[in-house]
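Dear colleague,

I am handing over the structure we spoke about, with its sequence, and my notes are set out underneath. Please read them alongside the model.

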Amino acid sequence: MLRNTFSGFLCLACSRISCSFLIIRHFIPRFLNAGTNKPFYNTFLIHPSSLTHITEIICLVPTMLLSHLLISILLVTLTHGDDCPISFEPMEVMVKYGDSVSVNCSTVISHQDLRWEVFNTEINMTEDRSSWTVDKLTDWEIQPSCVVISNETQCSQNLTITIYKTPDSVSIRTGEHIMMEGSTYELQCDVVNVAPVQNLIVKWYKGETLVHNETFTDTTKTPMNKSSTLQITADRRDDGVQYRCEAELELGAEGPQPPPTVSSERINITVYSIDECTLLQFNPQRVVVRYGSSVSVDCSTNITHDGIGWEASEGSVSMKRDQNLITWSVQSLRRWDIQPQCYIRTNMTKCVSLLPVVIYKTPDSVSIRTGEHIMIEGSTYELHCDVENVAPVQNLIVKWYKGETLVHTETFTDTTKTPVNNASTLQIAADRRDDGVQYRCEAELELGAEGPQPPPTVSSENLKITVYSIDECTLLQFNPQRVVVRYGSSVSVDCSTNITHDGIGWEASEGSVSMKRDQNLITWSVQSLRRWDIQPQCYIRTNMTKCVSLLPVVIYKTPDSVSISTGDHTGPMTEGSTYELHCDVENVAPVQNLIVKWYKGETLEHDETFTDTTKTPVNKASIHQITADRRDDGVQYRCEAELELGADGPQPPPTVTSKHFIITVQSLLQFNPQRVVVRYGSSVSVDCSTTITHKGIGWEASEGSVSMKKDQNLITWSVQSLRQWDIQPQCYMNYGSEQLELPLSVTVYKTPDSVSISTGDHTGPMTEGSTYELHCDVVNVAPVQNLIVKWYKGETLVHNETFTDTTKTPVNKSSTLQITADRRDDGVQYRCEAELELGAEGPQPPPSVTSENLKITVHYKPKIFFCNHWAPKIQSTLSLYPTSYYSIVANPSPTISWGRGSLSLNASMFLEKYHSGEYKITASNEHGASSCIINITVEYSPGLNCIENFKIQEKTLFELPCSVEGVPEPDIFLYKNGKLISFPYYPSWNDSALYNLTASNKYGSVYHPLQINILYAPVFYPMNGKMEVVADGNITLNCSSSGNPEPHMWWSFKNANFSSTGVRYVTLNIPKATSTDSGEYICSATNRIGHKKKTFSLEIKENSSSTHFLAVYILFLLVGLILINILCLYMWRKRKSSGHYRIHSDQEMKPLSNGGPR
C-alpha cells in the first residue's frame, strides 16, 4: 500500500502587476513494503527571472487546499521518493578546527518532534527550524544528524561536515650538501599536523614554475604528518635554482577561497661539474685502507677561490675560503660505500673531484672441503674453497695448490663493496698416484700498488685426499649382492671381509657409515631411500692396498597411470584403414626395465622395450598399429606396463594395466543403435542402413527376419517380446559379386529373482580371530558375465566379484567373502548387491538387487584399556570401581574379580583406611581374561593424636607435636586466641598459651586444644646496678628474674657464693656494712635452658664524728615522728621489708629505714 502525505503551498499573487511567482513544495513518502519508513522529499520552485529567492508565502485557505490537491495528483503520477524531508542551511559545513559552527535544520511536514542528535545526545526543538551551534568545534569524529518524527514517518539525515586544520609547518630538505651534475637526488617536503589529509595537495615549485603536485588517498580525519618526495637530476644550468613546496587544502566550493596554503622556505641548490677538475690535487691520489683503520687525505689547489671543502658520509669538512689545503680524515673508517668528494668554487666555475677509496677486509676464514669422503680412481670430483666475509670481492684471487705447486687461480667480477662469502671450485680426476696428496687454497687480496705489500693472504688448512682403486675388489663381499628397492622403501646391505684390515666403511649420499677398524662386517641401511642416483660404495684399507666395491642398486617406481588412446583419431574406425593405438605410461623408473605389452582381448599381440638409461621417473609412450576389420568391432584392447627387474626384483614383476579400450569398426552397413541391450520379454527395434547402391538388403534372425529389399537403403528388425536368449540377428547386403553380412550385438538380460546373504553352515556368534565365509546367493540372473556382486561392510565397499561364464541363459550364482572376526566388527552389518553392468547401451544406473543386511555378532575376550588410580571414600566397596564401556570391553559381558597379592577378594568388602595399595582387577568371560594393576588410595576424614602439654624452647622452629592422619593429606591450621598462626613458626618467650589446632580435608575437619609451654633462659628484670651507701648500716640486696623452668638464683662476692639461694628472686643481707663490703656483687640465675649473671656495684662511705652526732640527733627526731604515726603505718610496714634496699628499673637504689616506710 502506498501512503502519501502532501504538504504544499500555492499562491497566485495578482495586483497591479501580473502573476509574479509560483512555489510548490511537496513531500511523498516511500512505499512501506520496501522495508523502511524513510521518506522522499522534493521541492519545485517556479519563478520569474527577476526574482532571486522566495522562502515562504502565506495564502488564503481555499487557495492552499486547492493547490494541495492539484500538487498531490501531479506528484503521485510523477515520482515516488526515498529521501528524508529534511533540509540544512547551509547544506554542507566546512569548518576550521576550533572555530564555531551553526547549522539550521528544517522540515516542511507536520511533525511531533524535530531534534538534533550528536553522539546519541538529543536536542529537542519546538519550531520547524532548529539550530545546532558549537562555539568551539574540537571533535574530529563528530557526526550530527537531524531527526524528524511525524504521524506518517520517522527518519533522520546526517549533516555533511568537514573539519580542517592547516599545517603547523611545511619544510623542504635534501640529504646532500652538494649536488654533482648528472646524479639523481631527492627533495623531501615534510607537512606537519594537517587534516584532512585526503584534501591535501603538495605542490612543488622550481623557481615560480609548478613542476609536480601530489595528492593523498588516506581517509583519516584527524591531523597527520605527511611527506612528499621530488626526484631531480642535477644539471649545471640549475645551479642556484630555488625549490619550494606548498601544502594546499582543497576543500571545494564550500571551503575557504582561495584554499588555505602554507609554503616552505626556499632551498637553494648548488650543482658542481664532475668534468675532470684540474683545479684540485689529492695526496695521496688513491686510498687503500683496511676496514676500521684511520685514513687521511689532503686536497689542495694553487689558485684563488671562493671556497674549498670535503663532502663525505664520514669526515666532511665545511667549505673554507682562506685555505688552499684541507684534509679529509677519519679515525676509524666503517662506511663501505664512502665516496669522498673535494669541491671548489671560483668566480668562473664550480667543480668536484672524487677520491678513489678502496676499503678492504681480509677473510674471517678460508676452508677447503670435498663432498666425498673417499675418491675412486678415474672419477671426477670437486674441491671447494670457502672464503668467508671478504671485501672487496673483485680484488680477490683464490689460488689452488697441489702440494707446493700452483695449479689454478680464480678471480671474481662481482663489484659488491661490502663483505661477502665466496666459493671457488677445483675439479680433479682421482688417480692412484695422487693418493695422500695435500691440496690447499689461498685467498689473496690484490689491491694494487697503493695497497699493502705483499698482498694480504689467508690460507686454508691442507686437505689430504685418499684415492681408492676400483679394480675388482675381491676383499669385500655383499649380502645381498645386488639390491632392487622400491622408491621410498627401506634397504639394508651387509659388507664383509675375512682379512685383517686398517678400516672398513660405507660411502653413500644416504646412510654413510664411517670407517671401523675393529669390525669385519658393517651394514649400509636407509629407512626411506629417495636418492635416484645413489651409488653406495664399500671401501677397505689394508697395509697393502686401498680398494672400493660398488653396490649395484636399482631403484624402481611403478607408473602413476597407464592409459590407452587412438591418438588424434576420434570416432569409429573404417573397415580396412590403418590406425595407431597409443599407450601412455606416466612417471615410471627405471625406463630401461620397462616392457609395454599390448593385448587384444586376452591375446598378447606385441611388446616393446626401451634403451633409455635415465634413472629418474619419466613418461613413455608405446604405439601399436592395427588395421580395422569388421570382425574386430567391439574388441577390447589394453596395454600393460611391466617392470622386469630381474631375479632380485619382486616376483611376479610389478605391473600396471590400462583400462580396456573398445574399438568400433564402421562397415558399409550401419546399425542404429549399434548395439542392443534389452530386458527379457521386452520389445526391440534396430535399423540397418547403407549409403551405397546395392542389389538387395535384408535381415536374418530367429525372430523378426526381414526379406531382402532392393529399393530401400534402410530396413528395420523389430520384435515385440524378445524371448530368445541366444538370438543373433544379422543384416546382409548384396554388393557387387559379394554378400556383406553384419551381425548385430544383442544382449538379453534378466535381473535376479532374489539376492540373499548368509553365513553358510555357521550359526550363532563369531569368535574373534576365527575366519568365516559369507555367502551371497544370486538366483536366476542373465547374462552372468555382466554380473558384478558387490560386498558392503556398513556403507563401505569391501570387495566385488565378476564372472567369466559366457552362458547367456539365466543361472544361479554364489559369491563368497572371507572375513576374520574382530571385536571392532561386533554389530557390523554386511550386505551384498547383484549389479548387471551392461555398458553404455544398458540401463543407467545399472540394474541392481540388494540383499537384506546381515548383522554379525563377534564374541571376544575382555580387554582392559586403562587402569586409572582410584581414590574411594572409606567404607566403599570394590564393586563401586567405575568401569565403563570405554575402560573394559568384552562380549559377552565380563565377570569382574579382585585380588591383592595372592589373596582373592570379595568385591563387596568394605575398604578401611589401611586398605590402600595395589589391587589386581580381572575381567573374564568364556573366551579369556584380562587383568591390570590398580593403585587404590582409601580416603577418610582427618584425625589428630597430640601431646596435651607441649614444651618448646623459644625461637626454635615449631614442629607439630601430633600424629596427623587423613587422606587426602589434611591441611593444618594453628590458632592462638582466634588468630591464625603462619608457618614456619618460631615462638617467643612470652607465647605460652592454649592454642587450637585444626586439621581439614574434603571429608571434614577435626579440632584439638594444645597447651604450648615456651621454655626460655633466665631474664633479669631491669635494675640499677650501682649504689652508694653510708658505713655501719644494714644493707639488703634484692635480685629478681624470670625464666621457664623457674631459674635457681644465688649471690656471689669476690668469687665466693653465699649460701642464700632462691627461685625467681634472691635476697642478700649485709649487717653493719663497712668499707670492706664495697665491691662488685654478682647475682646468678640458671635453668636447663641457660645461665645469666648480673653485676651490682656497691660503694660504702665512712662516717665522721660530727656527722655521726648530727645523724644521732636527726635519728631522735625521726623516732619521735615515727612514734606519732606508728599506728597509721602499721599495715604498710607489714607489707614491706625494713632495713633493705629494693632495686627499681626507674630509680636509683635507696636505703630503707628500719621498720619505716620508704
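What follows covers the nonpolar cores and then the disulfides.

This is a predicted model, in which local features need pLDDT of at least 70 and side-chain atom pairs count only at pLDDT 80 or more, while totals for chains, interfaces and linings use all residues. Residues are numbered from 1 along each chain as its sequence is written, and side-chain values use heavy atoms, with hydrogens and water left out.

The largest nonpolar core (buried Ala, Val, Leu, Ile, Met, Phe, Trp, Tyr and Cys residues joined through side-chain atoms within 4.5 Å; buried means under 20% relative accessible area with a 1.4 Å probe, protein chains only) has 33 residues, and among those touching the most other members are Leu 383, Trp 400 and Tyr 439. Several strands (DSSP runs of E, at least two residues, numbered from the N terminus) each supply at least two residues of this core, including S34 (396-402) and S36 (420-429), and the largest share, five residues, comes from S33. Another core, of 31 residues, lies apart from it and includes Met 94 and Cys 245.

A search of the whole structure finds 12 disulfides (pairs of cysteine sulfur atoms within 2.5 Å). In one of them, Cys 495 and Cys 538 have their sulfur atoms 1.9 Å apart, and the torsion about the S-S bond is about -90 degrees, so this disulfide is left-handed. Cys 495 lies in strand S43 and Cys 538 in strand S47, so the pair ties together parts that are 43 residues apart in sequence. Another disulfide joins Cys 776 to Cys 832; its torsion is about 80 degrees, so it is right-handed, and both Cys 776 and Cys 832 are buried.

With best regards

Technical notes. Buried means under 20% relative accessible area, exposed over 50%, partly exposed in between (1.4 Å probe, protein chains only). Helices (H or I, at least four residues) and strands (E, at least two) are DSSP runs, numbered from the N terminus.
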